[in-house]
Amino acid sequence: NTRATQEATVEVQGKISPYNLLIVEGISQTTDRSGEFDLQFPLPDDDTLQVKVITPLGIMQRYELVVP
């Protein structure tokens with residue numbers, strides 16, 4: 001889920017496998033023990049966040065999250 005806030009930031013919430021690595025806008029992020037996360041980022045100029053999820057085997061999935 002993505003949502004723009006009044007301070008020109010974006011809140012990103014979700015859940016991945018706790019064994020996977022979450023990278024948002026090129027920066028590794030921390031999840032809780034169950035893989036859940038609730039993060040805030042500055043609103044990108046193009047209203048799109050670049051997200052990668054990488055498994056322990058090195059398989060990578062890329063996402064482009066468009067901010068409504």
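These are my notebook entries on one predicted protein model, from the whole chain down to single residues.

**Ground rules**

I'm working with a predicted model, in which local features need pLDDT of at least 70, side-chain atom pairs count only at pLDDT 80 or more, and totals for chains, interfaces and linings use all residues. I number residues from 1 along each chain as its sequence is written, and side-chain values use heavy atoms, with hydrogens and water left out.

**Entry 1: confidence**

I looked up pLDDT (the predictor's confidence in each residue, from 0 to 100). The protein chain has a mean of 91, and 90% of its residues reach 70 or more. Where is confidence lowest, and where is it highest? Strand β1 (residues 2–4) has the lowest mean, 58, while β3 has the highest, 98. A note to self: where pLDDT is low, the predicted coordinates should not be read in detail.

**Entry 2: the overall layout**

I took helices (H or I, at least four residues) and strands (E, at least two) as DSSP runs, numbered from the N terminus. How many of each are in the protein chain? I get zero helices and seven strands, so in order from the N terminus the elements read β-β-β-β-β-β-β.

Next I checked burial: buried means under 20% relative accessible area, exposed over 50%, and partly exposed in between (1.4 Å probe, protein chains only). Of the 68 residues in the protein chain, 29% are buried. The accessible surface (Shrake-Rupley method with a 1.4 Å probe; for residues, only the protein chains shown count as cover) is about 4800 Å², and carbon and sulfur atoms hold 50% of that.

For contacts (heavy atoms within 4.5 Å), I looked at pairs in the protein chain with a separation of 6 or more, and 46% of them join residues 24 or more positions apart.

**Entry 3: the largest pocket**

Rolling a probe the size of a water molecule over the atoms shows where empty space is left. The search runs on a 1 Å grid over the protein atoms alone, and a pocket is an open set of points where a 1.4 Å probe fits, with protein on both sides within 12 Å along at least five of seven lines. Lining residues have an atom within 4 Å of a point. Grid points are joined across faces, edges and corners, and a volume is the space filled by probe spheres set on the points.

The largest pocket holds about 150 Å³ of space. It is lined by 12 residues, and F37, V51, V53, Y63 and L65 are the closest to its centre. Which strands each supply at least two residues of this lining? I noted β2 (9–15), β6 (48–54) and β7 (60–66), with β2 giving the most, four residues.

I also sorted the lining by type, counting Ala, Val, Leu, Ile, Met, Phe, Trp, Tyr, Cys and Pro as nonpolar, Asp, Glu, Lys and Arg as charged, and the others, Gly among them, as polar. That gives eight nonpolar residues, three polar and one charged.

**Entry 4: strand residues**

I started with V51, which is in β6. V51 is buried, at 8% relative accessible area. Leaving out residues up to four places away in sequence, V51 touches L22, I23, V24, Q61, R62, Y63 and L65. Its C-alpha is 6.2 Å from that of E64, 13 residues away in sequence.

T48 is also in β6 and is buried at 13%. With the residues up to four places away set aside, T48 touches E25, E64, L65 and V66.

V12 sits in β2, buried at 4%. V12 and L39 are 27 residues apart in sequence, yet their C-alpha atoms are 5.2 Å apart.

Is P42 buried or exposed? P42, in β5, is exposed, at 63% relative accessible area. Beyond its neighbours within four places, P42 contacts A8 and T9. The C-alpha atoms of P42 and T9 are 4.2 Å apart, with their positions 33 residues apart along the chain.

**Entry 5: loop residues**

E25 lies in the loop between β3 (21–24) and β4 (27–29). E25 has a positive phi of about 50°, though it is not a glycine, and is partly exposed at 39%.

D47, in the loop between β5 (36–42) and β6, is another non-glycine with positive phi, near 60°. D47 is partly exposed at 33%.

Last was S17, in the loop between β2 and β3 and partly exposed at 32%. S17 and T31 are 14 residues apart along the chain, and 9.3 Å separates their C-alpha atoms.
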